[in-house]
Amino acid sequence: MADWTEGSDFMARALALARMAKGRTGNNPAVGAVLVRDGRVVGEGFTQPPGQAHAEIVALSQAGELARGATLYVTLEPCCHYGRTPPCTDALIAAGVAEVHMAMVDPNPLVSGGGKTALERAGIAVHVGEREPEVRELLDAWLTYVTMGRPQVIAKYAMTADGRIATTAGESRWISGEESRRRVHRLRAEVDAVMVGVNTVIADDPLLTARDERGEPLPRQPMRVIVDSTARVPISSRAISGGLPGTTAVIVGPGADPKRVREIERLGNLVITAPARRGRVDLEAALRLLASEHEITSVLVEGGGELLGSLFDHRLVDKVVAFVAPILVGGEGAPAPVAGQGVASLSEAVRLTRVSWERVGDDLMLVGHVDRGVVQGSGREAAA
């Protein structure tokens, strides 16, 4: 346990603990908690895997009797309902905690201020708002999940300086540099799912696993998701042929060939049948199925251009991670990272906010969040 003393920023410590839980909590938020008594930390913790202790309970267990009269710093409002675990508010009240500082109120309808109210009714002083912007950034995917009923969608692509993802002959390996590719593997390890369209599987035969610098699979693997309306993905594809860690899911439409579906399933893959629009998978419906039936809170979409284009056209992208390589390939027929219908007017263009640029090796990495205050796309039905 860190020796944090009086005058320390205890909420900063709670935030650092929450970051340690990112990617390990399933559909629970990554939360950090610090218990302080007489100016010293007596207990701390972060959210454990689903079904195990929440951050507050870990901190209370460490503190023991020292929790009585202590002050709790926690990055999210303590829960007040029974889920896979009992309410944290009950445990805090029973332990005799005197004061609670929470970074933000939990927007989950099952909590949404109820935890704060329960604590205040028990005579516990509650303060809200310390480091809230940083906590919101950390919980970005989970906030999308609980407020919109679907995973956060992160559009990731690598392109040349002239905006191409391949040459006119279709060559795309490798546009980005080695350091950028390592960064992508870290991104994969942080999300719940990695998604591509069937054309990308046919063209590139990707593994879609999260790997370390030696090429070995990382302990935590995202679900591999292939959008394939008619179940035409080659059975020999590395992502579905078996032997990879984790799970591969193929999202098909109701008109997919039952024989092909059975072949995919026999290899140990999950087949998810989503509603169709105009003969193709309805992407919004598919995302909601991933959230409601498989507890997927974040999806890293790695292409191709048709899939990304449809997601952008239909207002389903929340965040963009783009790697720009210092090369140019030219060619009128060389593909761009985002296809789809696009927009007719710049006033309809997707605008990014909270934008940052970082140099990664020889490449530049752009990270930005879609500005929901700007009209995006045409609003037509999302299908791919």
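**Strand 4 and strand 5**

I started with Glu99, which stands opposite Ala125 in strand 5. From strand 4 the chain passes through helix 4 and on to strand 5, a β-α-β crossover that I noted as right-handed. Worth writing down straight away: I am working on a predicted model.

Next I checked how these two strands run. Strand 4 (residues 99-102) pairs with strand 5 in the parallel sense, over four bridges. Met102 has Val128 of strand 5 opposite. Helix 4 (residues 114-121) packs on the sheet and touches strand 4 and strand 5. I got about 150 degrees between the direction of helix 4 and that of strand 5.

**The five-stranded sheet**

Then I zoomed out to the whole sheet. It is open, has five strands in the order 2-1-3-4-5, and its pairing is mixed. Which strands stand at the edges? They are strand 2 (40-46) and strand 5 (125-128); each has a single partner strand, so one side of each is left without a neighbour in the sheet. On average, neighbouring strands here are turned by 15 degrees against each other, direction ignored.

Helix 1 (residues 10-21) also packs on this sheet. I listed its contacts as strand 1 (32-37), strand 2, strand 3 (71-74) and strand 4. Its direction makes about 145 degrees with that of strand 1.

**Helix 3**

I went through helix 3 (residues 88-95) for burial and found Cys88, Thr89, Leu92 and Ala95 buried. Looking down the axis of helix 3, I see its buried residues fall within an arc of 135 degrees, so they line one face of the helix. That fits the textbook: an α-helix has 3.6 residues a turn, so residues three or four places apart point the same way.

What do the buried residues of helix 3 pack against? I found helix 2 (55-63), strand 3 and helix 4. Just after helix 3 comes Gly96, with a positive phi of about 80 degrees.

**Cysteines**

How many disulfides does the structure hold? Zero. I still looked at Cys79, since its nearest cysteine sulfur, that of Cys88, is 3.7 Å away. A disulfide needs the two sulfur atoms within 2.5 Å, so I left this pair out. Both residues are out of the way of solvent by my count: Cys79 is buried at a relative accessible area of 8%, and Cys88 is buried at 1%.

**The nine-stranded sheet**

On to the other sheet I looked up. This open sheet has nine strands in the order 10-9-8-7-13-6-14-16-15, and the pairing is mixed. Strand 10 (270-273) and strand 15 are the edge strands, each pairing on one side only. From one strand to the next the twist averages 20 degrees.

I picked one pair inside it. Strand 7 (residues 193-197) and strand 13 (residues 298-301) run parallel and are joined by three bridges. Ala193 has Val299 in strand 13 as its bridge partner.

Helix 11 (residues 305-313) packs on this sheet, touching strand 6 (152-160), strand 7, strand 8 (223-227), strand 13 and strand 14. Against strand 6, the direction of helix 11 makes about 130 degrees.

**Glu332**

Last entry: is Glu332 buried or exposed? It is exposed, with a relative accessible area of 82%. I placed Glu332 in the loop between strand 14 (319-325) and strand 15 (352-360). I also took its C-alpha to C-alpha distance to Ser112: the two are 52 Å apart in space and 220 residues apart in sequence.

Key:
Residues are numbered from 1 along each chain as its sequence is written. This is a predicted model: local features need pLDDT of at least 70, side-chain atom pairs count only at pLDDT 80 or more; totals for chains, interfaces and linings use all residues. Side-chain values use heavy atoms; hydrogens and water are left out. Two strands pair if DSSP finds at least two bridges between them. Axes are lines fitted to C-alpha atoms, for helices over the stretch in contact, and angles run from 0 to 180 degrees between N-to-C directions. Contact means heavy atoms within 4.5 Å. Buried means under 20% relative accessible area, exposed over 50%, partly exposed in between (1.4 Å probe, protein chains only). The arc is that of the directions from the helix axis to the C-beta atoms. A crossover is right-handed if, with the strands pointing away from the viewer, the path from the first strand over the helix to the second runs clockwise.
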